[in-house]
Amino acid sequence: MSTDAIVLLKDDHQTILKTFKDFQEAGPKAYKRKGDLVDRMISLLTVHTYLENEVMYPQVRELLPELEDDVLESYEEHHVADLLVMELVGMKPEAERFDAKTTVLIENVTHHIEEEEQEWFPKVREGLSRTQLQDIGAQMIEARKKAPTSPAQPSALKKTVDAVIK
Ligand SMILES: [Fe+2]
Ligand SMILES: [Fe+2]
């Protein structure tokens with residue numbers, strides 16, 4: 001099995017985008033289904049953000065300093081998504097703003113995923129060797145074992161706090 005970091009992250013993106021599509025196709029009154037889909041989105045996004053924030057971004061920043069601005073922008077985009085996620089956690093699917101807030105989350109994350117896949121990953125692939133990308137991927141597989149699945153867990157919250165105060 002390939003442990004190429006970009007392949008692993010793209011797999012994650014596909015899974016996340018599928019929950020977005022399912023949400024968009026759910027009917028206006030499909031409260032239970034939309035609630036379940038948002039729960040799933042939140043846990044997928046929490047894990048994915050953890051892997052990128054803790055492994056991918058810092059490693060790339062160190063190995064390819066010329067991509068630092070892209071990494072900093074990514075931290076900010078994840079931070080905005082984190083804020084929306086935290087607001088959605090306690091919200092009931094019947095709430096007036098539930099669909100709107102989820103839609104804004106979906107739009108933000110979709111934009112971020114497109115930027116990663118179309119602009120950032122190609123630069124990273126060009127700058128790093130296959131071995132380096134496999135090594136980063138292997139670290140992500142390890143990190144996934146201890147990744148938070150809920151934004152309420154301290155290791156998930158830490159990055160958000162860091163992003164606010166640093
Ligand atoms: Fe990202
Ligand atoms: Fe990503």
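Reader: What makes residues such as Met-56 and Asp-70 contacts of Trp-120?

Author: Contact means heavy atoms within 4.5 Å. In this predicted model, Trp-120 touches Met-56, Tyr-57, Val-60, Leu-67, Asp-70, Val-71 and Glu-115, leaving aside residues up to four places away in sequence. Residues are numbered from 1 along each chain as written, and chains are lettered from A and ligands numbered from 1 in written order. Local features need pLDDT of at least 70, side-chain atom pairs pLDDT 80 or more, while totals for chains, interfaces and linings use all residues; side-chain values use heavy atoms, without hydrogens and water.

Reader: Which residues touch the most other members of the largest nonpolar core, and what makes it a core?

Author: Such a core is a set of buried Ala, Val, Leu, Ile, Met, Phe, Trp, Tyr and Cys residues joined through side-chain atoms within 4.5 Å. Of its 24 residues, Met-56, Val-60, Trp-120, Val-124 and Met-140 touch the most other members. H2 gives the largest share, seven residues.

Reader: Why are His-13, His-48, Glu-52 and Glu-116 called donor residues of the iron ion (ligand 2)?

Author: A donor is an N, O or S atom within 2.8 Å of the metal (3.2 Å for Na, K and Ca); water is not among the atoms, so sites may look incomplete. Here the distances are 2.1 to 2.2 Å, so these atoms qualify. Glu-52 also coordinates the iron ion (ligand 1), 3.2 Å from ligand 2. His-13 lies in helix H1 and Glu-52 in helix H2, so the pair ties together parts 39 residues apart in sequence.

Reader: How do you know whether His-13 and Glu-52 are buried or exposed?

Author: Buried means under 20% relative accessible area, exposed over 50%, partly exposed in between (1.4 Å probe, protein chains only). Both His-13 and Glu-52 are buried.

Notes. Helix = DSSP H or I, 4+ residues; strand = E, 2+ residues; numbered from the N terminus.
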